[in-house]
Amino acid sequence: MTTQLSFDVQLNQQARTVAEREQVLASPGFGQTFTDHMISIDWTDERGWHGARLEPYGPLLLDPATSVFHYAQELFEGLKAYRQPNGSIVAFRPYANAARFNTSAARMAMPELPEETFVESLELLVRTDKDWVPSTEGHSLYLRPFMIATQAGLGVNHPSRNYRYMVIASPAASYFSGGVQPVSVWLSTEYTRAAPGGTGFAKCGGNYAAAFLAQRQAVEEGCDQVVWLDAFEHRWVEEMGGMNLFFVFGDRLVTPALTGTLLPGITRDSILTLAGDLGLKAEEGKISIEEWQAGCESGELTEVFACGTAAVVTPVGTVKGADRSWTVGDGTPGPVTLKLREELVGIQFGARPDTHNWVHKIC
Ligand SMILES: *Cc1c(COP(=O)(O)O)cnc(C)c1O
């Protein structure tokens with residue numbers, strides 16, 4: 001289908017006042033308050049994608065038998081719009097999110113959305129709600145595209161025949177308001193996030209539903225975040241919560257390879273490229289918890305950090321498992337971690353040259 005969708009625009013007559021918006025933007029937190037509008041596009045077997053619209057942000061009315069409530073046929077994306085020094089607004093690598101959205105859709109037996117339509121939907125929402133893009137240093141507008149199965153009925157022998165794609169947006173504070181803080185992590189040997197053949201590489205809500213219990217256990221163990229290990233041996237490091245991990249051996253970076261059980265982070269991919277720019281060696285490989293501990297004890301493994309859109313780059317300070325615990329370096333953020341963070345944030349906010357054409361101007 002090559003027919004371009006055109007968006008019907010219905011502006012919010014009850015949009016919040018300037019004063020109300022300023023109050024939210026003064027301390028936005030994360031994912032708490034949403035802008036005045038949202039995007040919806042429907043899909044059916046017969047019509048494909050249709051009914052594209054921008055409308056006032058508000059609740060949905062869905063039949064209780066709607067498929068997504070019962071069988072979790074759902075996926076989502078996450079990216080940010082950044083205010084530049086000259087006041088313009090950009091998104092970071094939105095086509096990479098569009099491509100990943102479709103990889104997730106294929107795995108979940110859901111329809112793919114043309115990449116152009118995905119990016120156009122983000123542009124329309126951000127342009128309409130541009131005053132919600134913060135100007136405060138380090139703050140941004142978090143964009144949450146997602147898709148749900150909307151057919152009503154409990155039959156399980158086929159995927160839904162109807163879907164809705166939506167985008168909502170929420171102003172976000174810098175993850176670290178008081179400087180970059182290292183996190184403590186819990187090695188989850190009791191639970192697994194993903195197994196070969198499963199949905200680990202897809203950005204679907206079910207992966208998160210299955211993760212909350214382990215995350216709660218991590219907190220009970222006095223840690224900030226859960227680290228996921230492979231499903232067979234509970235030895236090979238995969239991810240940390242909703243972020244990918246990097247291990248720094250002096251000037252060599254190693255990140256777990258994309259085996260199908262890891263989420264292919266766009267921040268991860270960007271850091272693999274940026275590391276080369278900074279004269280570091282970066283490779284995808286395999287790292288076990290034994291190598292992690294021994295490397296920290298010998299001093300060969302100098303830094304560990306996690307990365308993702310929400311918190312960008314987060315140092316890992318301490319590691320705890322059922323029968324072991326250790327500190328990474330001296331437990332404070334290392335120079336490679338901080339350098340990569342500064343470089344990436346610099347490109348996103350327009351303080352550094354965008355040599356890889358990652359920045360996509362919206363308005
Ligand atoms: C979204 C996500 C990431 C990070 O992806 P980015 O594109 O870098 O934001 C990593 N792991 C999981 C499980 C995720 O859901």
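Strands are DSSP runs of at least two residues, numbered from the N terminus. The structure described here is a predicted model. The empty spaces within it and the ligand it holds are treated in turn.

Rolling a probe the size of a water molecule over the atoms shows where empty space is left. Two cavities of 30 Å³ or more are present in the structure. A volume of about 80 Å³ was computed for the largest cavity. Strand 5 (79-83) and helix 7 (266-277) each contribute at least two residues to the lining of this cavity. The most comes from strand 5, which provides three residues. Among the residues that line the largest cavity are Gly78, Leu79, Lys80, Tyr82, Phe92 and Asn97; the lining also includes Ile266, Thr267, Gly308, Thr309 and Gln348. By class, four residues of this lining are nonpolar, six are polar and one is charged.

The largest pocket encloses about 910 Å³ of space. Its lining comprises 39 residues, of which Tyr208, Gly241, Gly242, Met243 and Ala310 are the closest to the pocket centre. Several elements give two or more residues to this lining, including the helices 5 (205-209), 6 (212-220) and 7. Strand 7 (140-149), strand 10 (225-229), strand 11 (237-240), strand 12 and strand 15 (303-308) do so as well. The lining of the largest pocket is made up of 20 nonpolar, twelve polar and seven charged residues.

The ligand is located in the largest pocket. Two or more residues of the shell around the ligand come from each of strand 12 (243-249) and helix 7 (266-277). The shell holds 15 residues, and those that come nearest to the ligand are Lys203, Tyr208, Glu239, Thr267 and Thr309. Four residues of the shell are nonpolar, seven are polar and four are charged.

Polar contacts to oxygen atoms of the ligand involve both side chains and backbone. For Lys203, a polar side-chain atom is placed 2.6 Å from a ligand oxygen. In the side chain of Arg100, an N or O atom lies 2.8 Å from an oxygen atom of the ligand. At Ile266, a polar backbone atom is 2.8 Å from an oxygen atom of the ligand. The ligand taken alone exposes 380 Å², and 96% of that area is buried by the protein.

Some residues recur in these descriptions. Tyr208 is listed among the residues closest to the centre of the largest pocket and among those that come nearest to the ligand. Thr267 and Thr309 come nearest to the ligand along with three others, and both also line the largest cavity. Ile266 lines the largest cavity and places a polar backbone atom 2.8 Å from a ligand oxygen.

Terms used
Residues are numbered from 1 along each chain as its sequence is written. This is a predicted model: local features need pLDDT of at least 70, side-chain atom pairs count only at pLDDT 80 or more; totals for chains, interfaces and linings use all residues. Side-chain values use heavy atoms; hydrogens and water are left out. A residue is near a molecule or strand if one of its heavy atoms lies within 4 Å of it. A polar contact is a pair of N or O atoms within 3.5 Å; within protein, one must be able to donate a hydrogen and the other to accept it, and residues adjacent in sequence count only if both atoms are side-chain atoms. Accessible areas come from the Shrake-Rupley method with a 1.4 Å probe; for residues, only the protein chains shown count as cover. On a 1 Å grid over the protein atoms alone, a cavity is a set of points where a 1.4 Å probe fits but cannot get out, and a pocket is an open set with protein on both sides within 12 Å along at least five of seven lines; lining residues have an atom within 4 Å of a point. A molecule sits in a cavity or pocket if more than half of its atoms lie within 2 Å of its grid points. Helices (H or I, at least four residues) and strands (E, at least two) are DSSP runs, numbered from the N terminus. Ala, Val, Leu, Ile, Met, Phe, Trp, Tyr, Cys and Pro count as nonpolar, Asp, Glu, Lys and Arg as charged, and the others, Gly among them, as polar. Grid points are joined across faces, edges and corners, and a volume is the space filled by probe spheres set on the points.
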